[in-house]
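Please report on one buried threonine and the helices around that position. Keep it short.

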Amino acid sequence: MARAVSPERKKEYNRRYERKLPPEAKQKRRDAQAACKRKLRQHRSTARKLAEPNTSATAGVLLPAFSWIPSSAQTDSHLHTNSFFRHSVASLNDPGPRGLDLASGMLGTQVSPETKVVTWDDGHITILPTVMRDGQNVLIEDLRLTKKFAAVSASKPGSRFVTHLDGPLTENDLLLIEIRSSLAAGKCVIVREAVRPGPLNLTMEYLEKRYGIHATMPVDMHDMELRAKNPAQPYVLGTMSDLISGINNPNEQRCVLDCPIAVGLPLELAPLDEGQMAWHRTTKDCPSPGLGMHIGSPCASVSQGGVLIPPHRDSEGRNTYFFPVIGIQFRTLFFHKITDDGKVPRPAAKSLCGPHDMDDYNAETLTIYPGDLLIQPPGQLHAEYNPNPALARGGHFFTYGTLHRTNSFRFLEVAQVHEYTDETLWRMAALIPRLPPDQLSGLHYWPLLALCCMVLKPRKYLAQRPVSTSRKKKQPMTLPSPSYTRAHAVVTKILQHLDICPQDLPDIMTGCTSVVEVGEVVDLSGCLLEFTHTL
């Protein structure tokens with residue numbers, strides 16, 4: 001073992017070495033040494049601040065590996081969020097000195113002066129949806145529903161249903177682990193101050209420069225008055241400039257919900273989109289000359305003030321991420337009341353799609369500020385209210401850990417199947433043999449069986465159509481994708497390894513309606529080696 005050199009010996013070595021150097025080199029060396037000592041003192045000072053998380057000295061300092069405790073170890077409410085001080089996102093985006101008052105600046109300009117206001121559980125005051133016609137508010141149902149949501153308790157750190165995290169996003173494995181585990185358990189995730197917020201006001205200039213959304217872009221605007229008359233036909237054709245110019249028109253409340261953009265998940269969270277990763281990493285095993293590359297469906301929503309989006313689920317059983325850029329959003333989240341056996345009654349799964357009966361649900365409302373990030377698991381019922389003109393961006397993604405929820409909630413849809421959904425799921429299955437060891441060893445029983453079911457029985461998830469009176473023989477389903485061939489072979493091998501007959505799989509999945517249990521980790525090491533040979 002080498003002996004430690006004493007400080008006196010080190011100084012003697014330095015003096016001998018410096019005698020051989022010219023004056024310029026000697027001075028340069030000493031300057032470099034001084035810079036290293038200053039940097040070392042700064043690191044030590046930061047370490048002392050991090051060791052005292054309750055002092056104001058830690059404001060704005062990112063704690064190592066974030067500072068939350070994994071949800072399994074959280075017991076006290078103060079452990080659910082770190083000790084960051086909010087960097088005034090709320091004060092910057094609330095309308096000036098009014099603070100919690102989000103209504104006063106709109107009355108008489110953006111909405112009728114007769115518009116009523118409501119106080120939410122967290123103290124914010126907002127307008128209620130209002131469009132006046134002949135002295136009557138034609139949005140009376142939206143008004144009543146908004147008042148109902150305003151009375152719902154605000155979600156706070158320590159919630160059973162929402163994981164609350166603080167701090168700017170970083171490339172952090174613990175962050176990804178916490179998000180994945182929360183989504184798999186059916187919990188939403190809110191990360192406060194995740195990204196930089198946008199400006200205070202929504203303008204056409206900002207949309208054009210930042211997102212390439214031009215004034216002449218044709219859009220289908222959701223008109224709240226038309227929706228009140230006929231929910232199936234709420235659209236008004238127009239351009240984006242029509243929507244922005246209508247912000248100061250008290251006689252309309254409109255929004256555009258799906259405006260394609262090129263900005264998706266932040267790079268720090270890109271590994272969450274395991275569906276897109278599957279597209280990238282199966283191009284050799286499953287070449288696809290026709291469909292092209294999956295891009296994660298990022299989009300922007302642009303809204304005038306006072307717009308309510310009633311309770312709904314996002315389609316195709318995907319996880320959803322959401323960033324407000326301009327304007328605060330109130331999002332009410334609904335969680336099925338689980339029975340003692342951990343199952344969700346089928347009637348409860350559909351009740352909010354009609355009469356908005358909340359008796360079968362627990363509910364919480366999140367106030368989402370510009371710069372915050374919300375991630376929802378598949379099938380999450382939620383309602384949205386934009387009290388002020390707002391811009392938000394978001395999108396959808398698949399993860400292996402939530403596929404049991406994907407499988408469950410795809411049955412409840414009546415919309416048409418998205419073009420890339422089946423192809424993405426097939427590629428996720430085709431990729432399993434080539435997953436890194438740490439990912440392969442983290443696949444759980446129920447999500448894995450759900451993926452097998454969705455690969456083997458893709459017709460089950462087609463949108464329901466009226467029964468045809470034709471007697472023509474049903475045409476067989478064509479599956480030309482090379483990814484399906486490999487995915488089918490992979491899941492068949494997995495089921496063989498688990499000693500499950502493919503014909504029994506639908507009954508097994510039907511018998512398990514729990515959306516909160518993922519089951520044990522499945523050991524696939526060795527059973528898929530035949531699919532790992534280099535082509």
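A residue counts as buried when its relative accessible area is under 20%. In this predicted model, Thr406 has a relative accessible area of 0%, so Thr406 is buried.

Thr406 is found in helix H11, residues 403–410. The side chain of Thr406 reaches the backbone oxygen of Gly317 at 2.6 Å. Setting aside residues up to four places away in sequence, Thr406 touches Glu316, Gly317, Pro378, Phe398 and Met454.

Met454 also appears in the contact between H11 and H14. H14 spans residues 445–456. The axes of H11 and H14 lie 7 Å apart, at an angle of about 45°. An angle between 35 and 65 degrees counts as oblique, and H11 and H14 are therefore oblique to each other. Their crossing is left-handed.

The table lists the residues that make this contact.

| Helix | Residues in the contact |
|---|---|
| H11 | Leu403, His404, Thr406, Asn407, Arg410 |
| H14 | Trp446, Pro447, Ala450, Leu451, Cys453, Met454 |

By type, the residues of the contact divide into seven nonpolar, three polar and one charged.

H11 and H14 have a further role as cover. Both are among the elements that cover the buried residues of helix H12. The cover also includes helix H9 (274–281) and helix H15 (482–497). H12 runs over residues 421–431 and is mostly covered, with 11 of its 11 residues buried. Among them are Asp422, Glu423 and Arg427, as well as Leu425, Trp426 and Met428.

Technical notes: Residues are numbered from 1 along each chain as its sequence is written. This is a predicted model: local features need pLDDT of at least 70, side-chain atom pairs count only at pLDDT 80 or more; totals for chains, interfaces and linings use all residues. Side-chain values use heavy atoms; hydrogens and water are left out. Helices (H or I, at least four residues) and strands (E, at least two) are DSSP runs, numbered from the N terminus. Buried means under 20% relative accessible area, exposed over 50%, partly exposed in between (1.4 Å probe, protein chains only). A polar contact is a pair of N or O atoms within 3.5 Å; within protein, one must be able to donate a hydrogen and the other to accept it, and residues adjacent in sequence count only if both atoms are side-chain atoms. Contact means heavy atoms within 4.5 Å. Axes are lines fitted to C-alpha atoms, for helices over the stretch in contact, and angles run from 0 to 180 degrees between N-to-C directions. Angles under 35 degrees count as roughly parallel, over 145 as roughly antiparallel, 65 to 115 as roughly perpendicular and the rest as oblique. A crossing is left-handed if the near helix is turned anticlockwise from the far one by less than a right angle, and right-handed if clockwise. Ala, Val, Leu, Ile, Met, Phe, Trp, Tyr, Cys and Pro count as nonpolar, Asp, Glu, Lys and Arg as charged, and the others, Gly among them, as polar.
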